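Biologist: I should be grateful for a close look at the packing core of this chain. Please describe, step by step, how the sheet is put together and how the helices are arranged with it and with one another.

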Amino acid sequence: MSADEDAFRIIASSPEGVLQSELWKILGVDSRKCSRIVKKLLDSNRVERIEYRQEGIKTFRLIAKKGPADPYCLLAGQELIPCIACDEDCDVETCTELLDWMYQLAISDAEESTSNSEKTEK
């Protein structure tokens, strides 16, 4: 995995963001390399950078931008996740409609995996 992806994953895992002055330490790189990584993330519009003062020293808070949801994450086979149109006040751990949908998702993933392995064997 690239340093850019590692940095983005670290930034995205913190809802309040990460200070650039801390990111280079977390990544185990020098501040100059960290600046190049941050520039790539800014240029690709994956993070935003907000000026931040810590003990009188200027640094930047890096916050991951939310991208659009992958619509395929909402499908199990051809079935759309039932929660989208649901107005019930239910517990997701016991919702039968959601559990059925998840079961269909597992089945479609298993079928896809089997189909792909059969293709590679031929």
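Modeller: Two strands are said to pair if DSSP finds at least two bridges between them. In this predicted model, strand S2 (residues 47-54) and strand S3 meet that condition, for they are joined by eight bridges and run antiparallel. Within this pairing, Arg53 has Lys58 of S3 as its bridge partner. The hairpin formed by S2 and S3 has two residues between the strands, and Glu55 takes a positive phi near 55° there. That residue belongs to the loop between S2 and S3, and its phi of about 55° is positive although Glu55 is not a glycine. Glu55 is exposed, because its relative accessible area of 78% lies over the 50% limit.

On the other partner of S3, the pairing involves two bridges: strand S1 (residues 18-19) and strand S3 (residues 57-64) are antiparallel to each other. Val18 stands opposite Leu62 of S3. Taken together, the three strands make an open sheet in the order S1-S3-S2, with antiparallel pairing. S1 and S2 are its edge strands, each of them pairing on one side only. Returning to the hairpin, Gln54 has Ile57 as its bridge partner in S3. Helix H3 packs on this sheet, where H3 touches S2 and S3, and the direction of H3 makes about 130° with that of S2.

The chain passes from H3 to S2 through a loop, and Asn45 lies in that loop between helix H3 (31-43) and S2. Asn45 also has a positive phi, near 65°, in a residue other than glycine. With a relative accessible area of 49%, Asn45 is partly exposed, because this value falls between the limits of 20% and 50%.

The helices may now be considered in pairs. Two packed helices are described by the angle between their axes and the distance between the axes. For H2 and H3, the angle is about 110° and the axes are 9 Å apart. These two helices are therefore roughly perpendicular to each other, since angles of 65 to 115 degrees are counted in that class. H2 contributes Gln20, Leu23, Trp24 and Leu27 to the contact, while H3 contributes Ser31, Cys34, Ser35, Ile37 and Val38. Sorted by character, the residues of this contact are six nonpolar, three polar and no charged.

H1 also packs against H3, with an angle of about 75° and a separation of 10 Å between the axes. That angle makes H1 roughly perpendicular to H3. On the H1 side the contact is made by Ala3, Asp4, Ala7, Phe8 and Ile11, and on the H3 side by Ile37, Lys40 and Leu41. Here the division is six nonpolar, no polar and two charged.

Asp4 merits separate attention. The residue is placed in helix H1. Asp4 counts as buried because its relative accessible area is 19%, which is under the 20% limit. When neighbours within four places in sequence are left aside, Asp4 is in contact with Ile37, Lys40 and Leu41.

The remaining pair is H1 with H2. Helix H1 (residues 3-12) and helix H2 (residues 20-27) pack at about 125°, and their axes are 11 Å apart. H1 and H2 are therefore oblique to each other, because their angle is outside the 65 to 115 range and is not over 145. Their crossing is right-handed. Asp6, Ala7, Ile10 and Ile11 of H1 meet Leu23, Ile26 and Leu27 of H2 in this contact. The residues involved comprise six nonpolar, no polar and one charged.

Some residues appear in two of these contacts. In H1, Ala7 and Ile11 take part in the contact with H2, and Ala7 and Ile11 also take part in the contact with H3. In H2, Leu23 and Leu27 belong to the contact with H1 and likewise to the contact with H3. In H3, Ile37 is part of the contact with H2 and part of the contact with H1.

Technical notes:
Residues numbered from 1 in each chain as written. Predicted model: local features only at pLDDT ≥ 70, side-chain atom pairs only at ≥ 80, totals over all residues. Heavy atoms only, no water. Axes fitted to C-alpha atoms, helices over the stretch in contact; angles between N-to-C directions. Helix = DSSP H or I, 4+ residues; strand = E, 2+ residues; numbered from the N terminus. Parallel < 35°, antiparallel > 145°, perpendicular 65-115°, else oblique. Left-handed = near helix turned anticlockwise from the far one by under 90°. Contact = heavy atoms within 4.5 Å. Nonpolar A, V, L, I, M, F, W, Y, C, P; charged D, E, K, R; others polar. Buried < 20%, exposed > 50% of the residue type's maximum accessible area, 1.4 Å probe, protein only.
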